[in-house]
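Colleague: Could we go through this model together? I should like to begin with how helix lengths are judged.

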Amino acid sequence: MEQGRHRAGDTAARLQRSWPAAAGGDAPVSLRRDYLLALGLSLGPAASNGLARFAFALILPAMRSDLSWSYTQAGWVNTTNAIGYLLGAFVTLRAIDRAGARTLLNTGMVMSALALVLSGMTSHYPTLLGLRAVAGVGGAFVFISGGALAARIGDGDGRRASAAIAVYFSGGGLGIAVSGGVLPWLFASQGNGAWDMAWIVLGLLSCAACLGTWAAARAIALPPRPAMRASWSIRPFAWLAAGYVLFAFGYIGYMTFIIAHMSEAGASPGNVALVWVVLGVVTALSHRIWRHALAGWSGGTPMAATVLVVAVGASLPLIDTSLPVMLLSAALFGSAFFITPAAATAFLRQSLPQEAWGRAIAVFTLLFAFGQTLGPVVAGWLADATGRLSIGLAASAVALLLGALVSKNQPLVIK
């Protein structure tokens with residue numbers, strides 16, 4: 001029993017070192033609860049982003065080979081997912097005050113999981129596009145409503161809320177790591193024709209994640225729904241919004257085509273799996289890297305810094321595709337690309353009254369979805385037009401660099 005008390009004390013001490021301090025004698029209990037709630041919510045991005053969106057990069061080479069797709073066709077598959085995301089963001093903007101964040105989160109999780117399972121049951125291109133759109137709508141529901149719920153963790157403490165937001169968004173790394181540990185070996189043993197089985201596996205994993213997000217969302221206390229919509233203007237956030245669009249355009253090109261780029265360069269399934277797992281693991285841990293920056297840096301600096309790191313990571317494969325360089329690329333990219341939405345969300349939380357958070361996050365996600373819609377199809381078109389996939393990836397890297405420069409100009413916005 002004494003050893004058990006020591007272990008509990010060690011756990012509390014570790015949490016206190018990695019999580020902003022809470023006031024009061026029940027601080028360790030409160031910190032543990034905050035952390036567990038954020039981890040539970042983080043299964044949302046793990047499923048809706050890590051599995052439902054980004055794992056397509058692992059499936060794309062097999063589908064291109066088995067179904068004879070061009071890069072433009074492959075790009076449209078992810079662009080259609082992004083169009084669904086855009087539609088979902090618009091619906092969330094209109095519905096979050098009425099339906100509530102918890103309802104939208106649960107609905108989005110179920111939509112994403114079902115769309116993944118059904119994607120493994122058809123090779124009909126228009127049907128696949130439709131299912132990717134459904135997954136995108138569900139993903140927007142999850143991403144926005146989960147972010148709004150994470151912003152409420154911490155009992156009003158801004159630093160703890162920023163930490164919870166970072167944990168929530170970095171959850172996407174878990175989905176990336178899991179898919180990277182499973183899918184390359186599936187294709188290595190079963191061949192390119194196993195792409196249908198890959199979708200079903202991802203869908204079943206997403207179904208399991210629904211249980212965690214449901215439990216976490218249920219445990220977060222929500223204020224009464226506002227009788228009137230909170231009014232706010234995007235004009236004071238113009239630089240941040242422009243940088244966010246450029247980030248969305250740039251990052252999705254890398255996440256769509258980087259595995260195809262490695263495959264064209266002759267990478268083995270083992271190397272592909274290792275790079276993708278490193279990307280996922282570093283993403284899952286990225287909240288620990290940036291927690292002080294999110295809590296302490298001001299203006300657009302946190303978002304600019306994260307986008308710059310992503311840009312550097314996205315640029316490295318243009319220089320070399322050897323395993324050490326690709327691992328460095330994955331580590332840099334993964335260390336920051338899910339923290340960019342966390343930085344935007346934390347900035348909105350700090351700058352707006354609580355009743356405006358949900359709608360503000362939805363508007364920014366709408367802008368994000370717009371940039372994300374263009375990224376894959378433009379990169380794919382450039383690859384087909386030039387015969388070089390690296391040209392499409394270069395366009396993505398340039399957009400990321402511009403996004404870092406633009407978002408750095410964002411000043412503080414006072415409530």
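Modeller: The expected span of a helix is 1.5 Å times one less than its number of residues. Please keep in mind that this is a predicted model.

Colleague: What does that give for helix α14 (residues 339-351)?

Modeller: Helix α14 has 13 residues, so its expected span is 18 Å, and the C-alpha atoms at its ends are indeed 18 Å apart.

Colleague: Is α14 mostly covered or mostly open?

Modeller: Mostly covered, since twelve of the 13 residues in α14 fall under 20% relative accessible area and count as buried. Among them are P341, F347, L348 and R349.

Colleague: And how far does helix α9 reach?

Modeller: Helix α9 covers residues 195-219, which is 25 residues. From first to last C-alpha it reaches 37 Å, close to the expected 36 Å.

Colleague: Which residues of α9 are buried?

Modeller: They are W195, A198, W199, L202, G203, S206, A209, C210, T213, A216 and A217. As a general point, an α-helix has 3.6 residues a turn, so residues three or four places apart point the same way.

Colleague: Let us turn to aromatics. How many aromatic pairs are there?

Modeller: The count comes to 23 aromatic pairs. One of interest is Y251 with F368: the ring centres are 5.6 Å apart and the planes meet at 25°, so this pair is stacked.

Colleague: Where do those two residues sit?

Modeller: Y251 belongs to helix α10 (residues 238-264) and F368 to helix α15 (residues 357-386). The pair therefore links distant parts of the chain, 117 residues apart.

Colleague: Are Y251 and F368 buried or exposed?

Modeller: Y251 is buried, because its relative accessibility is 1%. F368 is buried as well, with a relative accessible area of 3%.

Colleague: Which arginines lie over the face of a tyrosine?

Modeller: R53 lies over the face of Y85, at 4.4 Å from the ring centre. R64 is placed over the face of Y71, with 3.9 Å to the ring centre.

Colleague: What about N81, and where is it?

Modeller: N81 lies in helix α4 and counts as buried because its relative accessibility is 3%. Its C-alpha atom is separated by 7.9 Å from that of V137, although the two residues are 56 apart along the chain.

Colleague: Which residue is paired with W276 in that kind of C-alpha distance?

Modeller: That is L327, 51 residues from W276 along the chain, with 8.7 Å between the C-alpha atoms. W276 itself is in helix α11 (residues 269-296) and is buried, at 0% relative accessibility.

Colleague: Now the surface. Which residues form a nonpolar patch there?

Modeller: V110, L114, L118 and M121 form one, with about 390 Å² of accessible area together. V110 is part of helix α5 (residues 101-119).

Colleague: Why does V110 count as partly exposed?

Modeller: Its relative accessibility is 44%, and partly exposed residues fall between the 20% limit for buried and the 50% limit for exposed.

Colleague: One last item: what is notable about the phi of S68?

Modeller: The phi of S68 is near 60°, a positive value in a residue other than glycine. S68 lies in the loop between α3 (56-67) and α4 (71-99). At 61% relative accessibility, S68 counts as exposed.

Conventions:
Residues are numbered from 1 along each chain as its sequence is written. This is a predicted model: local features need pLDDT of at least 70, side-chain atom pairs count only at pLDDT 80 or more; totals for chains, interfaces and linings use all residues. Side-chain values use heavy atoms; hydrogens and water are left out. Patches are made of residues with over 30% relative accessible area and no salt bridge: like charges are joined within 9 Å, nonpolar side chains (Val, Leu, Ile, Met, Phe, Trp, Tyr) within 5 Å. Accessible areas come from the Shrake-Rupley method with a 1.4 Å probe; for residues, only the protein chains shown count as cover. A salt bridge is a side-chain nitrogen of Lys or Arg within 4 Å of a carboxyl oxygen of Asp or Glu. Helices (H or I, at least four residues) and strands (E, at least two) are DSSP runs, numbered from the N terminus. Buried means under 20% relative accessible area, exposed over 50%, partly exposed in between (1.4 Å probe, protein chains only). Rings of Phe, Tyr and Trp (its six-membered ring) pair if their centres lie within 6.5 Å; planes under 30 degrees apart count as stacked, over 60 as edge-to-face and the rest as tilted. A charge sits over a ring if NZ of Lys or CZ of Arg is within 6 Å of the ring centre and within 35 degrees of the ring normal.
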